[in-house]
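Colleague: Please take one part of this model and look at it closely. After that, set out what surrounds it in plain terms, since I am new to reading structures.

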Amino acid sequence: MHRDPDCIFCKIIAGEIPSKQVYQDELVTAFYDINPVAPVHVLIVPNKHIPSVNHVQPEDETMLGHMFSVARQVAEQLGVAERGYRLILNTGEHAGQVVFHVHMHLLGGRPLGRMVCR
Ligand code: AMP
Ligand code: ZN
């Protein structure tokens with residue numbers, strides 16, 4: 001599995017940095033965000049190091065589809081599936097991406113307001 005030795009999420013996936021893990025399989029890992037902005041705030045990440053959506057390749061499509069399937073399972077497991085949740089993938093500077101390893105935020109547990117501030 002391709003990894004970046006300096007990447008914090010690669011280290012979390014490998015268990016070298018502690019996290020509160022909620023799911024892991026051969027393609028993806030899900031763990032609680034360290035700085036939650038909603039009662040449920042989980043990050044779902046590919047086990048393969050991909051810096052951002054700008055770096056996604058056709059060969060990643062199976063794994064990317066699987067991320068949605070895992071999002072559905074995690075939402076169910078954490079009790080937000082019925083009332084709803086938001087999936088966010090920040091990409092690049094204007095989106096405020098801070099960690100350059102693809103991650104899907106799963107947010108829920110309260111009304112989340114409008115999608116983007118005007
Ligand atoms: P983004 O702005 O989309 O790049 O989001 C990066 C997210 O990673 C932020 O919500 C951070 O709180 C979260 N984060 C950074 N370091 C850790 C960590 N060690 N464990 C869990 N979440 C983290
Ligand atoms: Zn990484």
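**A loop residue, and the rest of the chain**

Modeller: Gly-92 is found in the loop between S4 and S5. Keep in mind throughout that this is a predicted model. Is Gly-92 buried or exposed? Its relative accessibility is 16%, so Gly-92 counts as buried, the limit being under 20%. Along the chain, Gly-92 and Ser-52 are 40 residues apart, yet their C-alpha atoms are separated by 7.4 Å.

Two other residues can be set beside this one. Met-1 lies in the segment before H1. With a relative accessible area of 65%, Met-1 is exposed, because the limit for that word is over 50%. Between the C-alpha atoms of Met-1 and Asn-35 there are 27 Å, with their positions 34 residues apart along the chain. Arg-110 sits in the segment after S5. Its relative accessibility is 40%, so Arg-110 counts as partly exposed. Arg-110 and Ile-8 are 102 residues apart in sequence, and their C-alpha atoms are separated by 28 Å.

Next comes the metal site. Which residues hold the protein donors of the zinc ion (ligand 2)? They are Cys-7 and Cys-10, each through SG, and His-49 and His-101, each through ND1. These donors lie 2.0 to 2.3 Å from the zinc ion. The angles among the four donor atoms are 106 to 115°, and the site is tetrahedral. For comparison, the ideal angle for four tetrahedral donors is 109.5 degrees. Read along the sequence, the spacing of the donor residues is C-x2-C-x38-H-x51-H. Both cysteines, Cys-7 and Cys-10, are buried.

The largest pocket has a volume of about 720 Å³. It is lined by 30 residues, and the closest to its centre are Asp-33, His-41, Leu-43, His-103 and His-105. Two or more lining residues come from each of helix H1 (8–13) and the strands S2 (28–32), S3 (40–46), S4 (85–88) and S5 (104–108). H1 gives the most, with three residues. Sorted by class, the lining has 17 nonpolar, eight polar and five charged residues.

Last is the largest nonpolar core, which has 18 residues. Those with the most contacts inside this core are Tyr-23, Ala-30, Val-42, Ile-44, Met-67, Val-74 and Leu-106. Strand S1 (21–24), S2, S3, helix H2 (61–77) and S5 each give two or more residues to the core. H2 gives the most, with six residues. Strands S2, S3 and S5 therefore appear in both lists, each giving two or more residues to the pocket lining and to the core.

Key. Residues numbered from 1 in each chain as written. Chains lettered and ligands numbered in written order. Predicted model: local features only at pLDDT ≥ 70, side-chain atom pairs only at ≥ 80, totals over all residues. Heavy atoms only, no water. Donors = N, O, S within 2.8 Å, 3.2 Å for Na, K, Ca; no water. Tetrahedral: all angles 85-135°; square planar, octahedral: opposite > 155°, others 65-115°. Buried < 20%, exposed > 50% of the residue type's maximum accessible area, 1.4 Å probe, protein only. 1 Å grid on protein atoms, 1.4 Å probe; cavity = no way out; pocket = protein on both sides within 12 Å on 5 of 7 lines; lining within 4 Å. Points joined across faces, edges and corners; volume = space filled by probe spheres on them. Helix = DSSP H or I, 4+ residues; strand = E, 2+ residues; numbered from the N terminus. Nonpolar A, V, L, I, M, F, W, Y, C, P; charged D, E, K, R; others polar. Core = buried A, V, L, I, M, F, W, Y, C linked by side-chain atoms within 4.5 Å.
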